Amino acid sequence: SGSLPDTYSAIQKLDSRFGVAAEQSLIHGYQQDWITLADLENIRNAGYNAIRVPVWWGQFYPIDNVSNASFRADAFQELDWLVSNAGALGLYVIIDMHGVVGGQSTSDSTGRAGQNQYWNDGNDQGNTAFLWWQIANHFKGNGTVAGYDLINEPTGAPNTQAVWNAYNSLYGSVRSADPDHMIFMEGTFGSWNWDMLPAPSTYGWTNVVYEMHEYQYNAAEAQVRQGSTNQVNDFNNHASWNVPGYIGEWNDFGYDSSTWNFSKSAYDGAGLSW
């Protein structure tokens with residue numbers, strides 16, 4: 001009885017009641033019903049050309065046994081379905097790591113609330129690197145996959161340098177398996193803008209995209225629009241870096257369509273993807 005705080009707790013509860021095999025079957029069924037072909041068709045028919053799909057470590061490892069040897073045989077079952085069907089509709093897929101092993105913040109959006117252990121745990125970092133290597137190796141050469149979003153909102157990091165170190169390490173893990181796909185790096189830490197990211201030349205990164213999230217919570221429409229304008233200015237101010245910009249999340253849907261259209265026009269006019 002009572003609510004469960006996150007995906008990890010739900011899986012834990014199902015494991016204890018039904019066993020791991022039945023739990024994993026139930027989760028697969030849930031995922032297959034949650035996103036259907038009709039959803040992908042609706043996205044395509046609305047004029048969009050890309051899907052950013054959130055994943056977390058619990059889809060790739062059993063939750064009570066995270067190691068290279070325990071990588072799940074069915075780890076890519078749902079992702080392969082999604083990529084195949086999106087590709088058939090002319091949609092690209094961005095694979096977004098919403099929860100690294102150990103967690104990059106205390107948010108429940110990592111899959112397991114209250115953790116934030118990734119930054120100080122070498123095992124978590126190593127298992128996350130192995131996970132990204134597996135994903136990159138699996139999808140190398142796949143033209144439907146637009147790229148890899150390394151860490152969603154690393155807001156639990158102790159400092160900016162820790163974020164850079166993590167991105168650089170995971171960049172290396174991906175590139176060791178896949179030289180071609182774009183790699184997305186998020187500026188969502190501290191200032192949530194380009195100034196918390198390095199010029200890519202600092203680390204020799206190539207074929208990277210810098211991603212921002214633009215949220216103005218409980219704000220007036222004018223403030224929401226100003227946030228979009230600020231993102232455009234920030235992008236333009238870093239044009240010398242020659243890095244594409246992507247607004248991966250934003251909350252303009254809380255207002256009437258004029259605000260959405262304002263932001264969409266601002267981003268399109270600047271050459272920012274969203």
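These legends accompany close-up views of aromatic contacts in a predicted model.

**View 1. Tyrosine 210 meets tryptophan 241 edge-to-face.** Let's start with one of the 25 aromatic pairs that a search of the whole structure finds. The ring centres of tyrosine 210 and tryptophan 241 are 6.1 Å apart, with 90° between the planes. This pair links distant parts of the chain, 31 residues apart: tyrosine 210 belongs to strand β5 (residues 208-214), while tryptophan 241 sits in the loop between α7 (221-237) and β6 (245-250). Tyrosine 210 counts as buried because its relative accessibility is 0%, under the 20% cut-off. Tryptophan 241, by contrast, is partly exposed, at 22% relative accessible area.

**View 2. Tryptophan 260 and tryptophan 274 form an edge-to-face pair.** Here the centre-to-centre distance is 5.9 Å and the planes make an angle of 85°. Tryptophan 260 lies in helix α8 (residues 257-270) and tryptophan 274 in the segment after α8, so their pairing ties together parts 14 residues apart in sequence. Have a look at the accessibility too: tryptophan 260 is partly exposed, with a relative accessible area of 26%, and for tryptophan 274, also partly exposed, the value is 26%.

**View 3. Six residues make up one aromatic cluster: Phe60, Tyr61, Phe71, Phe76, Phe130 and Phe139.** As you explore this view, you will find Tyr61 in one cluster with the phenylalanines Phe60, Phe71, Phe76, Phe130 and Phe139.

**View 4. Arginine 112 lies over the face of tyrosine 8.** In this last close-up, a charge joins the aromatic theme: arginine 112 is placed at 3.9 Å from the ring centre of tyrosine 8.

Definitions and conventions
Residues are numbered from 1 along each chain as its sequence is written. This is a predicted model: local features need pLDDT of at least 70, side-chain atom pairs count only at pLDDT 80 or more; totals for chains, interfaces and linings use all residues. Side-chain values use heavy atoms; hydrogens and water are left out. Rings of Phe, Tyr and Trp (its six-membered ring) pair if their centres lie within 6.5 Å; planes under 30 degrees apart count as stacked, over 60 as edge-to-face and the rest as tilted. Helices (H or I, at least four residues) and strands (E, at least two) are DSSP runs, numbered from the N terminus. Buried means under 20% relative accessible area, exposed over 50%, partly exposed in between (1.4 Å probe, protein chains only). A charge sits over a ring if NZ of Lys or CZ of Arg is within 6 Å of the ring centre and within 35 degrees of the ring normal.
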